[in-house]
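Colleague: Please take a close look at the charged side chains of this model and how they pair, and set them in the context of their surroundings. A connected account in one piece would be preferable to a list.

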Amino acid sequence: MDIAYIPSPSSGVIHLGPLPLRGYAFCIILGVFVAVWYGNKRWIARGGKAGTVADISVWAVPFGLVGGRLYHVITDYQLYFSDGKNWVDAFKIWEGGLGIWGAIAFGAVGAWIGCRRRGIPLPAYADAIAPAIVLAQAIGRWGNWFNQELYGKATDLPWAVKISEGVNREAGTYHPTFLYESLWCVGVALLVVWADRRFKLGHGRAFALYVAAYCAGRAWIEYMRVDEAHHVLGLRLNVWTAIIVFVLAVVYMVVSARIRPGREEIVEPDRETLAKGATAKGATAKDGEGAKDSEDAKAGTQKADGDDSVDADAAPAKNV
């Protein structure tokens, strides 16, 4: 008797009219659009301006894609640089292979650049977009379904995913770890939104909660996967990464809550305010230089007067 299962796409390419688009790339692009849209709504609710999230994403998204690809290629280098492999494939990002750890790390660097250019505190921005990022991850995970990759152990559960015969894979039904992670990410987004409203999280703590909650789920989901991976002390490398990042996120939440309780009142200053601040700073520096010049001039005058006094006293002595 045939068991129920989730069928895999017969092709990993979606045709938008005459334009072919890989399912993996489509999921990534859709996730980015959802993240920018929802992140913009949350940023405005925090007191920010419309369009700021899109402007900063111009920096964050490219950095994130590069970082995600670098992490994947470095941790799975054997797929591209071992015997019989073509190193050029390392650049074929549309075929799959983005490490979320590298994507978030490098994406944060890009976001920091964008925030710095607009005078925005990065922690406040990170808190606003945290649920949007994890929703983008939930959507992006379906790219693995299109590529028939990163599935779990064999199973006959009714929600198993059916994998067809292909390169480095055997036909059968397996745990749909892509689905597990996608649902987990949706749950993390709901958790962060609820906690942010309930506790008024600020100074990066909403983002840290997202990181910690995601890592908790990624650890057990990663443990179920059967794709090739490096192991350290019997555990997959990504499991260790999830554990370490989880601990760091929790420590940050605890320490941040003690040092900087509450949340930021102003998340995005007006450009006029920034301009006035820069002008005032320049004026202060100029006044300081003027005061210094005045003091130097006064000191010079006093010195000249002192020299004249010495000469006046010395003149009679010379005449004597």
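Modeller: Ser182 is a suitable starting point: its relative accessible area is 6%, which is under 20%, so Ser182 counts as buried. The model is a predicted one, and every value below is computed from it. Ser182 belongs to helix H7, and its C-alpha atom lies 7.1 Å from that of Gln137, although the two residues are 45 positions apart along the chain.

I turn next to the charged pairs. As a general matter, side chains of opposite charge can pair when their charged atoms come close. In this model, 13 salt bridges are present. A network of such bridges links Arg141, Glu181, Arg218, Glu222, Arg225, Asp227 and Arg236.

Two of the contacts within the network can be described through Asp227. One is with Arg225, where the closest N and O atoms are 3.1 Å apart; the other is with Arg236, at 3.2 Å between the closest N and O atoms. Asp227 has a relative accessible area of 21%, and because buried requires a value under 20%, Asp227 is classed as partly exposed. Both arginines fall under that cut-off: Arg225 is buried at 10%, and Arg236 is buried at 6%. In each of these two bridges, then, a buried arginine meets a partly exposed aspartate.

A further salt bridge joins the side chains of Asp55 and Arg118, with 2.9 Å from N to O. This pair connects distant parts of the chain, as Asp55 sits in helix H2 (residues 52–75) and Arg118 in helix H4 (residues 100–118), 63 residues apart. With a relative accessible area of 39%, Asp55 is partly exposed, whereas Arg118, at 17%, is buried.

Charged residues also matter for the description of the second largest pocket. Its space amounts to about 200 Å³, and its lining consists of Tyr38, Lys41, Arg42, Ala45, Arg46, Val193, Asp196, Arg197, Lys200 and Arg263. The elements contributing two or more residues to this lining are helix H1 (23–45) and helix H7 (177–199). Helix H1 supplies the largest share, with 4 residues. By class, the lining holds 7 charged residues, 3 nonpolar ones and no polar ones. Helix H7 thus appears in two places in this account, since Ser182 is located there and the helix also contributes to the pocket lining.

A nonpolar surface patch offers a counterpoint to these charged groups. Ile243, Phe246, Val247, Val251, Val254, Val255 and Ile259 form this patch, with an area of about 570 Å². Ile243 lies in helix H9, which spans residues 237–259. Its relative accessibility is 35%; this lies between the 20% and 50% cut-offs, and Ile243 is therefore partly exposed.

One last position concerns helix H8 (residues 205–224), where Ala212 is found. Ala212 is buried at 4% relative accessibility. The C-alpha atom of Ala212 is 7.2 Å from that of Val245, and the two residues are 33 apart along the chain.

To return to the request, the charged side chains take part in 13 salt bridges, a network of seven named residues among them running from Arg141 to Arg236 in sequence order, and a pair joining helix H2 to helix H4.

Methods
Residues are numbered from 1 along each chain as its sequence is written. This is a predicted model: local features need pLDDT of at least 70, side-chain atom pairs count only at pLDDT 80 or more; totals for chains, interfaces and linings use all residues. Side-chain values use heavy atoms; hydrogens and water are left out. Patches are made of residues with over 30% relative accessible area and no salt bridge: like charges are joined within 9 Å, nonpolar side chains (Val, Leu, Ile, Met, Phe, Trp, Tyr) within 5 Å. Accessible areas come from the Shrake-Rupley method with a 1.4 Å probe; for residues, only the protein chains shown count as cover. A salt bridge is a side-chain nitrogen of Lys or Arg within 4 Å of a carboxyl oxygen of Asp or Glu. Buried means under 20% relative accessible area, exposed over 50%, partly exposed in between (1.4 Å probe, protein chains only). On a 1 Å grid over the protein atoms alone, a cavity is a set of points where a 1.4 Å probe fits but cannot get out, and a pocket is an open set with protein on both sides within 12 Å along at least five of seven lines; lining residues have an atom within 4 Å of a point. Grid points are joined across faces, edges and corners, and a volume is the space filled by probe spheres set on the points. Ala, Val, Leu, Ile, Met, Phe, Trp, Tyr, Cys and Pro count as nonpolar, Asp, Glu, Lys and Arg as charged, and the others, Gly among them, as polar.
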